[in-house]
Amino acid sequence: MSDRLEELRRRHAAADAGGGTDASKARRARQHKEGKLSARERIDLLLDEGTFEELDKLTRHRSRDFGMEDQVIDGDGFVTGYGLIHGRPAYVFAQDFTVFGGSLGEANARKIVKIMDLALKTGAPVIGLNDSGGARIQEGVLALAGYADIFLRNVLASGVIPQISAIMGPCAGGAVYSPALTDFTFMVDGTSHMFVTGPDVIKTVTHEKVTKEELGGAMTHNTTSGVAHFLAADDADCLRMIRHLMGYLPQNNRDDAPRAASADREVREDPALDTIVPQASDQPYEMRDVIRRVVDEGDFFEVQERWAQNIVIGFARMDGRSVGVVANQPAYLAGCLDIDSSDKAGRFVRFCDAFNIPILTFEDVPGFLPGTAQEFGGIIRHGAKLLYAYAEATVPKITIITRKAYGGAYCVMGSKHLRTDVNLAWPAAEIAVMGADGAVNIVYRRELAAAQDQDAVRRAKTEEFRERFANPFVAAEHGFLDDVIEPRQTRPRVIRALRMLETKVDTVPRKKHGNIPL
């Protein structure tokens, strides 16, 4: 990527030297000085080399209506067209901040709408490279209408074709809702910003003082708000990450994701998995280590890595096939489900279901996070989103219980009762209404109260509870688990299950759509 970037810079520098106004050259130089690539440089890096076909290059705004007769530029500040990514078609638009600040008007909104309509007709992804000061004030309601036309296409395309947004500069006001409606949002550290109302307005209305970076910077949206899914170091890194993501995704909701050749043996067992979970049930471990030891070549492309870290989501491959991975993270909040993690995982499960990507779940969950902040914030409603997503999904679903599966969280995390196809557990798994320590205090409270040595009785009853109620063989007896396996066998068992499920067909009752608890 770096060699190609240098070549692109030399090519565009030569083009600048041979043409363009002094003003346009100065604006492009300013863009580079700010650490940002030009719109065309971005497209050239995103698409396979030499494949870009531009549309509507000669579009102009209707200057006579807006008092901008002396500011007419071909393309009207947006570059739109199509090309290839990994040899597969993709549609793209890029806002050019050097032309009218990348502002959106009637003409360039029509350019975006045109390629979105083409993407829907041809069943190919659409990628937006956003770098805009917002609506073009001179065009008034026509600019607002342009945004609304785009929003409509975002909604109609949702679940039909993948939609990707890259925020590579400012994105404010109504403009933020198109990225919010797309499937994945990338942001560039230090140069991209997103907010509905800017710092100046906030200061005027609420008297809060906040910088653009604090309010809507890439780190804020990747760690605090959860609006963004990926954090890139610079423009080139952002475009490289988009290309990587596209390798896991199908072209549309009727296709399967592309399969990749893998040198990782399907029958590979990993003995390290047998000891990766600590013997003490309250000790943390890194769930990403489990994931990487199971998936092809240890390659795991994580989504929303910095937000709601008590759950881990992302893409990987098993036997060369794309899978969506959802996993509780015992190393953060003990892997409890809370408001943010439920939203994060629920949305990801629904994306995978919409685009025919099997869902592989690694479960180690002690329950829902307790506390008034969670209850007042609506954990019941938010937790129901994740439950709804798993129950609704008709793609192949496989769940591995690595350790704890307690209470309602057991039900939510891809349990057999939510139409999960294959449910497996490791031998040390505990499946129960609650943890053994808490359960003993309730179930055996009379014996504990009457005992002279309560600690000894509590230890004995805790072991008895685990043996009688919490071990995975009880669930297996009832058919809620399909098997209890040695951890080292996880990879080959999952691959065999995925092969068995390749022809899976599942349905939901006929309806317009469900009413997910938003």
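The lining of the second largest cavity is made up of 6 nonpolar and 7 polar residues, with no charged ones. This cavity belongs to a predicted model, which holds 4 cavities of 30 Å³ or more. Rolling a probe the size of a water molecule over the atoms shows where empty space is left. The two largest cavities are described below, starting with the second.

**Second largest cavity**

- The space inside the second largest cavity comes to about 80 Å³.
- Its lining consists of 13 residues, and those nearest the centre are Phe93, Gly128, Asn154, Ser165 and Thr182.
- At least two lining residues come from each of β4 (126-130), β5 (163-167) and α6 (177-181).
- Among the elements, β4 contributes the most to this lining, with 4 residues.

**Largest cavity**

- The largest cavity contains about 100 Å³ of space.
- Residues lining the largest cavity include Phe93, Gln95, Leu104 and Ile112.
- Asn130, Ser132, Tyr147, Ile150 and Phe151 also belong to this lining, as do Cys171, Ala175 and Ser178.
- Two elements, β3 (88-95) and α5 (141-157), give two or more residues to the lining of the largest cavity.
- The greatest contribution to that lining is from α5, with 3 residues.

**Residue classes and a shared residue**

- In the largest cavity, the lining has 8 nonpolar and 4 polar residues, and none that are charged.
- Charged residues are also absent from the lining of the second largest cavity.
- Phe93 lines the largest cavity, and Phe93 is also one of the residues nearest the centre of the second largest cavity.

How values were computed: Residues numbered from 1 in each chain as written. Predicted model: local features only at pLDDT ≥ 70, side-chain atom pairs only at ≥ 80, totals over all residues. Heavy atoms only, no water. 1 Å grid on protein atoms, 1.4 Å probe; cavity = no way out; pocket = protein on both sides within 12 Å on 5 of 7 lines; lining within 4 Å. Points joined across faces, edges and corners; volume = space filled by probe spheres on them. Nonpolar A, V, L, I, M, F, W, Y, C, P; charged D, E, K, R; others polar.
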